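Me: I'm new to this one. Could you walk me through it with a few questions and answers?

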There are 2 protein chains.
Amino acid sequence: MSYHSSAPRPPVQGAPPLATELRARGLRLTSQRQRVLAAVAALEHGTPEEIGARLRADAGPGGAAPDTSTVYRTLELLERLGLVWHTHLGKGAPIYHAGQQHRHVHVACQSCGEISSVDPTVLDSAAERLAAELGFTLDVGHVALSGTCRTCAEKENA
Amino acid sequence: MSYHSSAPRPPVQGAPPLATELRARGLRLTSQRQRVLAAVAALEHGTPEEIGARLRADAGPGGAAPDTSTVYRTLELLERLGLVWHTHLGKGAPIYHAGQQHRHVHVACQSCGEISSVDPTVLDSAAERLAAELGFTLDVGHVALSGTCRTCAEKENA
DNA sequence: CTCGTTGCAAAGGATTTGCACAAGT
DNA sequence: ACTTGTGCAAATCCTTTGCAACGAG
């Protein structure tokens, strides 16, 4: 990938990684790309569909939002650039999130569908074991854990 | 490992859970249900599509395999009955496996798509932390971990 | 001006659904 | 016989693609 000079820089602006990454590859900075990235960041977690909806909302009545196909193409691009990340939870529902910072693990409740982000270190020991026993490199960013959240578990017990 | 299609004989032992579970709910034991369950068990891991293919293969040239829609409906039913289990790996690819045995965790390689089963205890510490910190009950059976297997990792380094 | 990009529309693949007929009990 | 199940086909959903017009560099 590219190089980072000094300390890991949090989500500060000033030199948007988007423009930089694009320019570095001879790609173009378009309003669509900026808007899609902004939408992904704004929604904590979003499916392509939800992202599209958000864009349509942001555009308002008069304005035009990026086309669905553009949303898909852009998400794919942004992911290649390392600016967004996606996970698969239930069925055909890829969840995108801005991944500029450190990765986090997603946990989804099967009952209510709520998604929480948890510290990636919860999987450290699992990753170690997989590496040691299988030579398997766990990709923490793509992992989605499912189960039942506290609230739903209590409901079921009631 | 094929059986003759003309002999509608439940290839199972004394008290097949399938028949029992069905009867207990006033549902019917059909050859399709038996065959779908057998196919899931035969394939270690299978998508609905693969299961359908297997059924077609088992049926042979002359015989008729259960319809695709029946496969879907049956998988859903079998899961409700607790006889099969499914996980989501990559995109819209639900993976079914017979759940009569003890649960195992699936690990899928993003490059070659190979799926391995690993000991569920790899997630024990993760499960404990999630329970302690969030009150979240991890459902080990539905978890699919993704990453890169040893073979593919070596290829990439080459 | 030159290509990378986008919008539109049509193509695809994977599930699901409505129904009339076949089949288990 | 009474109902549940199944096959078929059409309907959906979600995503991808082909192509001509558009716009960033």
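What follows is a short chat about the fold and the DNA surfaces.

Me: Before we start, what kind of model is this?
Reply: Residues are numbered from 1 along each chain as its sequence is written, chains are lettered from A and ligands numbered from 1 in the order in which they are written, and side-chain values use heavy atoms, with hydrogens and water left out. Local features need pLDDT of at least 70, side-chain atom pairs count only at pLDDT 80 or more, and totals for chains, interfaces and linings use all residues, as this model is predicted.

Me: In what order do the elements of chain A run?
Reply: Helices (H or I, at least four residues) and strands (E, at least two) are DSSP runs, numbered from the N terminus. Chain A has 6 helices and 6 strands. From the N terminus on, the order is α-α-α-α-β-β-β-β-α-β-β-α.

Me: What share of chain A counts as buried?
Reply: Buried means under 20% relative accessible area, with exposed over 50% and partly exposed in between (1.4 Å probe, protein chains only). Chain A has 158 residues, and the buried share is 38%.

Me: Which part of DNA strand C does A:Arg28 reach with a polar side-chain atom?
Reply: A residue is near a strand if one of its heavy atoms lies within 4 Å of it. Around DNA strand C there are 19 residues, with A:Arg28 listed among the closest. A polar contact is a pair of N or O atoms within 3.5 Å; within protein, one must be able to donate a hydrogen and the other to accept it, and residues adjacent in sequence count only if both atoms are side-chain atoms. For A:Arg28 the partner, 2.8 Å away, is a base oxygen.

Me: And which part of DNA strand C does B:Tyr72 meet?
Reply: B:Tyr72 is also listed among the closest residues to DNA strand C. An N or O atom in its side chain is 2.5 Å from a phosphate oxygen.

Me: How do the residues near DNA strand D divide by type?
Reply: Ala, Val, Leu, Ile, Met, Phe, Trp, Tyr, Cys and Pro count as nonpolar, Asp, Glu, Lys and Arg as charged, and the others, Gly among them, as polar. There are 19 residues around this strand. They split into 5 nonpolar, 6 polar and 8 charged.

Me: How far is the side chain of B:Thr70 from a phosphate oxygen of DNA strand D?
Reply: B:Thr70 is listed among the closest residues to DNA strand D. From an N or O atom in the B:Thr70 side chain to that phosphate oxygen, the distance is 2.5 Å.
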